[in-house]
Amino acid sequence: MSKIDYSEKIPNNVNLAEDKTLQRALEHWQPNYLQWWQDMGPDGSTNFDVYLRTAISVTPDGWAHFGHVKMPDYRWGIFLAQQEEDRKVNFGENKGMAAWQDVPGEHRANLRRIIVTQGDTEPASVEQQRHLGLTAPSQYDMRNLFQINVEEGRHLWAMVYLLHKYFGRDGREEAEALLQRNSGNQDNPRILEAFNEETPDWLAFYMFTYFTDRDGKFQLNALAESGFDPLSRTCRFMLTEEAHHMFVGESGIARVIQRTVDIMKQHRIEDPNEVRKHGVIDLQTIQRYLNFHFSVTVDLFGADQSSNAATFYSAGLKGRYEETKRDDDHVLKSHQYKILEISNGSIVEKEVPMLNSLNEVLRDDYIRDSIAGVGRWNRIIEKAGLNFRLQTPHKAFNRHIGSFAGHRVSPDGRLVSEAEWASNVRDWLPTEEDRAYVASLMGRVIEPGKMANWIAPPPVGINRQPIDFEYVRFN
Amino acid sequence: MNAPEPIAFIRQHLIDPEVCIRCNTCEETCPVDAITHDSRNYVVKADVCNACGACISPCPTGSIDHWHIVPKASAYSIDEQLTWDELPPKQDVDASVLDQAASDNSADAEEEGIQLNAATSLTSAVPPWSAAHPYVNLYTLKAPITATIAGNYRLTDPNATSDIHHIVLDFGTQVFPILEGQSIGIIPPGADAGGKPHYMRMYSVASPRTGEREGYNNLSLTVKRVVEDHEGNSTLGVASNYLCDLAKGATVQVAGPFGTNYLMPNHAGSNILMICTGTGSAPMRAMTEQRRRLEAAGKKVDGKLMLFFGARNPEELPYFGPLLKLPAHFIDKHFAFSRLPGEPKTYVQDKLRQAGKEVAELLKGDTYLYICGLKGMETGVMDALREVCMADGLEWTALSARMVNEGRLHVETY
Ligand SMILES: Cc1cc2nc3c(=O)[nH]c(=O)nc-3n(C[C@H](O)[C@H](O)[C@H](O)COP(=O)(O)OP(=O)(O)OC[C@H]3O[C@@H](n4cnc5c(N)ncnc54)[C@H](O)[C@@H]3O)c2cc1C
Ligand code: SF4
Ligand code: SF4
């Protein structure tokens, strides 16, 4: 079962050939998918041979197989992590029951909604990133972008498989709709706001892969705990791929910072205008981008208090991050959690039932994880002997969802007036000028081993290849 | 009586906290749960990790692929690793301690019974000047090292008369530094008819210093199953049959490394002329592969490789397929087959004569000559070299004497 059958039109390790109806339905969906990839996938790259990682089995020795492949020939398919024997529902009111191998009737609508929402983010990011190949700062980076793109595409396949296999006609319709919505489309946008934002430049791309793909990590982890076993197994395998996406973000920003501090030290300058004269991105601009992407991503976790989240949890559909590693009763009926709210003109903590604040629990786990990585970026600046430090803004900053929507909160967590916001927003969020400046640096670098001026080379190549390896062959 | 405990070294598996993004993939992947983490770092338990490598390629950052050689007694603890912001500097194999271990063991090694059929012929008593520093006698008959068979398959065609195996030995996290051209001792279990424990047999290492699989702590051997003695009477060789029959996962007792002279030059501009038959190809494969990896890593390798390789027919020539794939600009290959139906018997010396011009040309340069294989090949090869030189106005006797003195002529026959 762990081997992936590549002789099939749709590579899979779920014995697709045994279910002819399903196979036919998916084979019907496939051309639409390929058409979508043609229209909305990486711009102008169809003919490149890219050094891609593909899974040949879902066991450790098989899921990182490297070779040059044309992206449309990438083996998108359906790979589920190996089945755990005797797996149970590990939380909620059904805790202790055998995990479901089929959709429990009463949870059908909720499960479908969860899967569609997750599935919608996958093609969305491909759409958001479709022009970035044209401005890649190196072959190495271009390859990483494409790797992410094909894997997001595969994650879409994973969700579509679940929809087709377990949700009948509704599922098939939802699967079609996943290809019809498009990121940023006025009439038919993607479901979640962050996935309709543009990813116009590589700084935004690295921020997106650091912050927003990390949201993916936490959502997938919570879904990997699901009592619905096929969803759990699907997400567990997706997580192994998601790690690379976050790596691209974390190391990408680290390299941008490295290059900037190198220039700052070399020329003994700190003034951002001076820094820009050398064609690198000043730390202040990096901070503003960080503020933006952090706050937009934090919104993705949903409202602070949500009865849906409580229902998903109690039903055993969506758990917490590392659910089984926590030592509480995993039912949470009598547990409390502290959330933030506005009371009498200031931000205060308030205790509420934990079941209703599971979005907030996941958001806080996410924030802790994000902050740790920002600390690693700061070490680069610290090592260079500079005083500047990057910071994640307060979690109430620039929010559009939840109880802070419609309020103005500064990055350090003060409730501020509209006037104060307006006079400071240019220091807090990227301005048009910032974006124009960053855009002015973007230009494609394709010679193996060469880097754009604004970014340092990576410390190690992919799969231990040298940095100047031919990661992309242009034909 | 009071012999000091030999110092054991291990290759400790470490994660670079500066590069790791704490994605948890390795912890999820490791089949023996050797990886753990706290809010700060991901770390590997030295006493649990068996260096299986399963976590290496799934790690998206490469941060997991660090191996430091440390004395086993003072391996970095989990608590210590959890406080790191960066990797400690690599304490390179502490050469002085390894050398100390080697000299402590050398007396033992000398009195241990090794078969006495190694070459006593014309050969350099010194290594090439640029050869890397070899370690010898780290493990002895009395204090051997245990290796695990990571692979064992037949190299020769199923229909071929000679049965030659490619055997991969894995040393896990133990230290076993090896250079191309060195050999190891295999200690067959059991005793001979007279009740004496079997003596140790030597085998040349067929893989380069970076491992059979690059970056792994393993090496390979090319072992021919001995089914008849030198006179042609049928007999079953003790060690070779033992080795060829070992299954994956079995363990073997190993001594060594051995050999301080038959080493490859380390400067990339040197030419290497290799003449071998049968399993004598083992050190040639090691050297060729080392050069190939250098080139693949983008290093400048100017030296020429020239190979003369003899076997009965292509089916009995170990590594024939992979050899054929090496491009002509990288290595100049000459195969001699002595039993091709309908064709005259051809030996390596015949091929040497045919390519005389190129051989002589090569011998005039910064060239190192290696001969390895059956004892019987030596005379013929030396004669051919003499003729080839004469035809080109070179005086072989003087040249070979000079090459011997300069560490440029190495013979190992058995
Ligand atoms: C430095 C060195 C490196 C060596 N490298 C290799 C190597 O890379 N690969 C390899 O296969 N061997 C190699 N050998 C030979 C190896 O050490 C053994 O001699 C060989 O494997 C036979 O051992 P055995 O225990 O099987 O036979 P034994 O039980 O020792 O001998 C059985 C009988 O076979 C005869 N005999 C021994 N060796 C041979 C032979 N090669 N051909 C025909 N008859 C023989 C013996 O004289 C005896 O009569 C090397 C030897 C030396 C000294
Ligand atoms: S897989 Fe690699 S990057 Fe991820 S936690 Fe392990 S060592 Fe770190
Ligand atoms: S090398 Fe193998 S045993 Fe060691 S940490 Fe990696 S997966 Fe685990």
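How many helices and strands does chain B have? Chain B has ten helices and 15 strands. The model is a predicted one. This report takes the two chains in turn, then the ligands, then some backbone details.

**The two chains**

Chain B has a radius of gyration of 23 Å, close to the 22 Å that the globule rule gives for 414 residues, so chain B is as compact as a globular protein of that length. Its C-alpha atoms fill a box of roughly 75 × 55 × 45 Å along the principal axes. Of its 414 residues, 53% count as buried.

Chain A has twelve helices and five strands. Its radius of gyration is 23 Å, close to the 23 Å from the globule rule for 475 residues, so chain A too is as compact as a globular protein of its length. The C-alpha trace of chain A spans about 65 × 65 × 40 Å along its principal axes. Of the 475 residues in chain A, 60% count as buried.

**Ligand 1**

Around ligand 1 there are 22 residues. The nearest are B:Met202, B:Tyr203, B:Thr222, B:Ala239 and B:Ser240. By type, the shell divides into eight nonpolar, nine polar and five charged residues.

Which elements of chain B each supply at least two residues of this shell? They are strand 8 (201-204), strand 9 (218-224) and helix 4 (238-244). Strand 8 gives the largest share, four residues.

Polar contacts to ligand 1 are listed here.

| Ligand 1 atom | Partner in chain B | Distance |
|---|---|---|
| Oxygen | N or O atom in the side chain of B:Arg201 | 2.8 Å |
| Nitrogen | Polar backbone atom of B:Ser204 | 3.2 Å |
| Oxygen | N or O atom in the side chain of B:Ser240 | 2.5 Å |

Taken alone, ligand 1 exposes 910 Å². The protein buries 85% of that area.

**Ligand 2**

Ligand 2 has 14 residues around it. B:Cys20, B:Cys23, B:Cys26, B:Cys59 and B:Thr61 come nearest. The shell divides into nine nonpolar residues, four polar and one charged.

Are B:Cys20 and B:Cys23 buried or exposed? B:Cys20 has a relative accessible area of 7%, so it is buried. B:Cys23 stands at 16% and therefore also counts as buried. The cut-off behind both calls is under 20% relative accessible area. Over all chains, the structure holds zero disulfides.

**Backbone details in chain B**

One peptide bond to look at runs from B:Gly256 to B:Pro257. This bond is cis, with omega near -10°. B:Pro257 sits in strand 10 (residues 251-258) of chain B.

Where does B:Ala51 lie? B:Ala51 is in the loop between strand 3 (42-44) and strand 4 (66-71) of chain B. Its phi is near 60°, a positive value in a residue other than glycine. B:Ala51 is buried because its relative accessible area is 12%, under the 20% cut-off.

B:Tyr319 also has a positive phi, near 65°, and is likewise a residue other than glycine. B:Tyr319 lies in the loop between strand 12 (305-311) and helix 6 (320-325) of chain B. With a relative accessible area of 9%, B:Tyr319 is buried.

Definitions and conventions. Residues numbered from 1 in each chain as written. Chains lettered and ligands numbered in written order. Predicted model: local features only at pLDDT ≥ 70, side-chain atom pairs only at ≥ 80, totals over all residues. Heavy atoms only, no water. Near = heavy atom within 4 Å. Polar contact = N/O pair within 3.5 Å; in protein donor to acceptor, adjacent residues only side chain to side chain. Areas by Shrake-Rupley, 256 points an atom, 1.4 Å probe, with all protein chains shown as cover. Nonpolar A, V, L, I, M, F, W, Y, C, P; charged D, E, K, R; others polar. Disulfide = S-S within 2.5 Å. Buried < 20%, exposed > 50% of the residue type's maximum accessible area, 1.4 Å probe, protein only. Rg over C-alpha atoms; globule rule 2.2 N^0.38 Å.
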